[in-house]
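Me: Please take a close look at how side chains pair up in this model. Start with the aromatic rings, then move outward.

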Amino acid sequence: SLQNYTGGETCQTRLCCSGWLEEETKMETSTSDDVSGSPQWKDKPQSEDGEIQDVPLDDAPNENGQVREDSDSDTEDDDSFDEDEELPPPEVQKEKFTALANESQMKEGDPWYLVHYRWWSQWKGYTGYKEPGYNYYYSSATRRDEPPPEIDNSVLLTNNGDLRRDISESRDFYLVDEKQWKLLVRWYGGGPDIQRNVIKTAGSYYSRAHFSVEVHLLRLHLVRSSDDSVKVLKLCSKTMTCQELMNLGLAEFNLKQEDTRMYDYHGDSRLKHLTEMDTILSDHQILDNQKIMFDEKDKDGKWPAPKQSTSHYSSSTYYGTSSYSSYYDGTKQPSTPGLCGLRNLGNTCFMNSAIQCLSNSSQLRQFFLAKKYETDLNKDNPLGTGGELAEKFYELLGRVWGGEYSVAAPRDLKSKIERNAPQFSGYSQHDSQELLMYLMDGIHEDCNRVKQKELVPTLESDGRPDAAVAAEAWQGHLKRNDSVIVDLFQGQLKSTLVCPKCDRVSITFDPYMTLSVPIPIPKNRSIKVFMVWADPLRNPMKLRLDVPKGGKISDLKKELSKLVELSEKELFVTEVYNSRFFKEFCDEDMLSPIRADDKIYVHQIAAQPPMEEGEEEEEEEAPKPAPTSAHGGSGYYGGSYMSTSMYGGAGYYGSSMYHSRPKKFPTGKPGKILHVRVLNRRHSPRQLFGRPVVVSVPREVTYKELLKKIVLKLQKNLDIDDPKVRAILEKTLTSEESGKPEPEKKEETKEESQDGPKPMEDVDSDDEYDEDDDEFGNSDCLFRMAVTNDMGSSEKKALDENEEGAVLDPFKKDAAIFVTLEWPSSSYDSFIETTEFDEHENYRPTGTKTTEQLSVSGCLEIFSKPETLSPDDSWYCSKCKEHVEASKQVELYSVPENLIIHLKRFSYSTREKLGMLIDFPTEGLNLEKFLVNKEFTHQPIYDLYGIVNHFGSMGGGHYTAFAKHGPSGDWYNYDDSSVSKTNATNIVSESAYVLFYKRRDAWTGNADIGNENVQDNEGGEDQGDEENKEEENKEEEEEKEEEKEEEKE
């Protein structure tokens, strides 16, 4: 039977997120001090024009509005750890965490916590932990021999501490309950705590209520009618009642409820009067980042007259409860039926593209527009939505094909979908094909003609002819599933299983609604890298390496070492993002997490010298990855800048949000040579810039030796015309090293000695500079140095040129050293960004096409090939009485009138999108050779009528649709609100994701079904031929009449 997507009691989204990644919208409003469901709320100062003002980082609230106060003493609980506690072995961690996970259950109001997904994957790879309900989607955790670093959730937050709006579960974060979070923090430390609460959302007509973690709260801007320029930001739960929202506005504006009305407000127009105070916000489809208007009576006790709106959103009616504007129903403007765009409600392009293709499925559309669905409506089906989903789909089709709207807003349909399928709740990105399957399955159950479903056993052939078994299986399927979806979109698959031990053969026939066909994955992949030489005067080099798909970093280094003629021990592989080392790779790290747009820099480093007699063996010669940050994510995260204060303060997150890690956490043994990571940071504003570099120095390096190495490395980035640059070059480098004649030595004055680097001065955690710090900001010093964390934000040790001995000696136990150069405003322009790169002869641009042409026919051949089941998917052989890794083959037995082919572009094993061109015919797709049943009544020849396109990567992108407009027979591009005509030659591309085909003999004979005002010309050629014949007959008759007249004359 069809899949049921109505969900269960608990719901945590586990979907591939492939919608458009929109940029974080900056808040332009003020934050007030009371939001429902949160214990404490702080005001952000508000300017005269109502716009938000900057807030000190220490006081910045998170998305819930909660502020973690700094305190000298944190409250300890029973789960706090001892600093001397050893990290448990991985198998113990797995056992303890699994026990907690098995007990975990969502309850309304319970706190849950976000964990950065890259760190979570590293921990899973180390411990071998598998989530409850483990499946192939979670099989990408790379096995690790070393524990992950401390938890770093900072990349999930914006600079002011808010949760990023472009993140989603199972891609950017994983959710754990309170006990699980405390256990992870006890073992690894880190943070910050990102807490969200469980909410209860209403169920469907028959399904139960759902529990889910409300990761993103609604940002609502409260305005008053007397002055709508002043906006107050409130962060509200979607389960907040209208009365609670009213109370917020009354308290904020000092109003009385009897003199106040509340409106959904958009585009300077009151859209809907919110009168039912006991309903919740989600019932009214209140969107994130919208306005709520509080209408006040004037001094005479009268409601204000409506303002004349200049916005295209405004509605002709004003106060009525049905006065939805274009923001609700769309743009009411005459248009050609069917050529109506769909408004993007916030990352809903995945839904819009699927709806447009279904809308252009002519038989389905005509079934609804002719209201034939009302006859089949099954409101008592417990697997359906009480007919509500089908009703909303009909209403939307009416707007799209009614000719009154140029843009329709699918708000009601979206609201109905997310109420019954919480995985689509909110405005995160989702997979269009998964939404399509849910929508079709929901329509099927709402229009299922079967009122009482029988229990139908699974049939096997047992040596009987395929035709008899297939017919019996199909009749059994129709006893439970009989709808317009089954009529138009369902076919049968033949599944053959062979036991490798007893050769028992099992043949079954199963229904399908879409064909999900695999795309052949190349064995190798191409990765672009930048080689950074030890010689600072040599330009970095671009190379493109062909490496195994399932390879490791060691494979990349092996390939690179051949091309650059360096040993693998001299290669240090990193990912650079936002002017810092975002990830440092070990030889055993897998290549699969590296994405096409990641900036992979490989640094040439000095190899460790051979051991002398009596010395202990060191663990590695190449540098260990930095132990201070989980990071490792791809570039689209953006990244939060400061996790702690630059000068060692608690930072704006507060000490209660970050957790110290145990002292005995393993960091790896260093060698005799240190590979120092050098970062550049502006003094004001405090942000990293430039490309970080690596310098190799002896472990007992002095200040002068370290400075010399750094200046040598940076000399190509320094403006030699700057007196401060010349001074430091003359001070640290010889004439041979700098390439300039050595100047005459003279006695250095006190003023000239200040041209060299200075130690960083400590300031308090509030980032308020003292006089010395102000003096540095305006000084003539080129830069000052300090040993910091990997983000250059928390100082461990200031470096002073007056210090004697080895300046890095106190940190000789650390496997990684980060030195940050802080540049004052007066010296910032002395640093020159270099963008010159040499290209290796093997370098080729991204997107070079392979010589092998892939086609949808080739994908169908792979779909039908036999395969051996994995141990996790083993089959129970009733003859052997055990689970075996059987041979399985799936073949097409019958095909429907409308065939949907899903190209499986998203590879969960390699965590990437397969973006190669898959050629497919727009006309004449012949499936005869793929059908095992050759006794078909209709020729299996198909013509294309719709395509769902996906642009972007696995992490995010944008969906559009191409569809053949039935009445005109022309192809159109549907891009949310925009609809434009296109050519059939432009629709075959690398972005094609879901293909909609219609059997050729089904194009004619159905035009009379449905709306009489919307007739399809899908059999246009035959219809035109008949009209031409009539005209020819008339002309022949007229010619005969003329001949008769001539004869008479």
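Reply: Rings of Phe, Tyr and Trp (its six-membered ring) form a pair if their centres lie within 6.5 Å; planes under 30 degrees apart are stacked, over 60 edge-to-face, and the rest tilted. That rule gives 25 aromatic pairs. Trp 123 and Tyr 129 are tilted, because their planes stand at 50°, with the ring centres 5.5 Å apart.

This model is predicted, so local features need pLDDT of at least 70 and side-chain atom pairs need 80 or more, while totals for chains, interfaces and linings use all residues. Residues are numbered from 1 along each chain as its sequence is written, and side-chain values use heavy atoms, without hydrogens and water.

Are these two rings buried or exposed? Buried means under 20% relative accessible area, exposed over 50%, and partly exposed in between (1.4 Å probe, protein chains only). Trp 123 is buried, at 0%. Tyr 129 is buried too, at 5%.

Another tilted pair is Phe 424 with Tyr 438: 6.1 Å from centre to centre, 45° between planes. This pair links distant parts of the chain, 14 residues apart. Phe 424 sits in the loop between α9 (411-420) and α10 (432-446), and Tyr 438 sits in helix α10. Helices (H or I, at least four residues) and strands (E, at least two) are DSSP runs, numbered from the N terminus. Phe 424 and Tyr 438 are both buried.

Back to Trp 123 and Tyr 129. Ring pairs join them with Phe 97, Trp 120 and Tyr 174 in a cluster.

Rings also meet charges. A charge sits over a ring if NZ of Lys or CZ of Arg is within 6 Å of the ring centre and within 35 degrees of the ring normal. The charged end of Arg 261 sits over the ring of Trp 303, 4.0 Å from its centre. Arg 365 lies over the face of Trp 401, 3.9 Å from the ring centre.

Now for charge with charge. A salt bridge puts a side-chain nitrogen of Lys or Arg within 4 Å of a carboxyl oxygen of Asp or Glu. The count is 24 salt bridges.

Take Lys 182 and Glu 178, which meet at 4.0 Å, N to O. They are 4 residues apart in helix α3 (residues 178-188), so about one helical turn separates them. Lys 182 is partly exposed, at 26% relative accessible area. Glu 178 is partly exposed as well, at 32%.

Glu 395 and Lys 392 form a salt bridge, with their closest N and O atoms 3.8 Å apart. Both lie in helix α8 (residues 388-401), 3 residues apart, about one turn of the helix. Glu 395 is partly exposed, at 32%. Lys 392 is partly exposed, at 24%. Elsewhere, Asp 376, Arg 449, Asp 482 and Asp 487 are joined into one network by salt bridges that share partners.

Then there is Glu 296 with Arg 224, closest N and O atoms 3.1 Å apart. Glu 296 is in strand β12 (residues 290-296) and Arg 224 in strand β8, so this salt bridge ties parts 72 residues apart in sequence. Glu 296 is buried, at 13%, whereas Arg 224 is partly exposed, at 23%.

What does strand β8 pair with? Strands pair if DSSP finds at least two bridges between them. Strand β8 (residues 218-224) pairs with β9 in the antiparallel sense, over 6 bridges. A hairpin of 2 residues joins β8 to β9. Leu 218 stands opposite Cys 236 in β9. Strand β9 (residues 227-236) is mostly covered, with 7 of its 10 residues buried.
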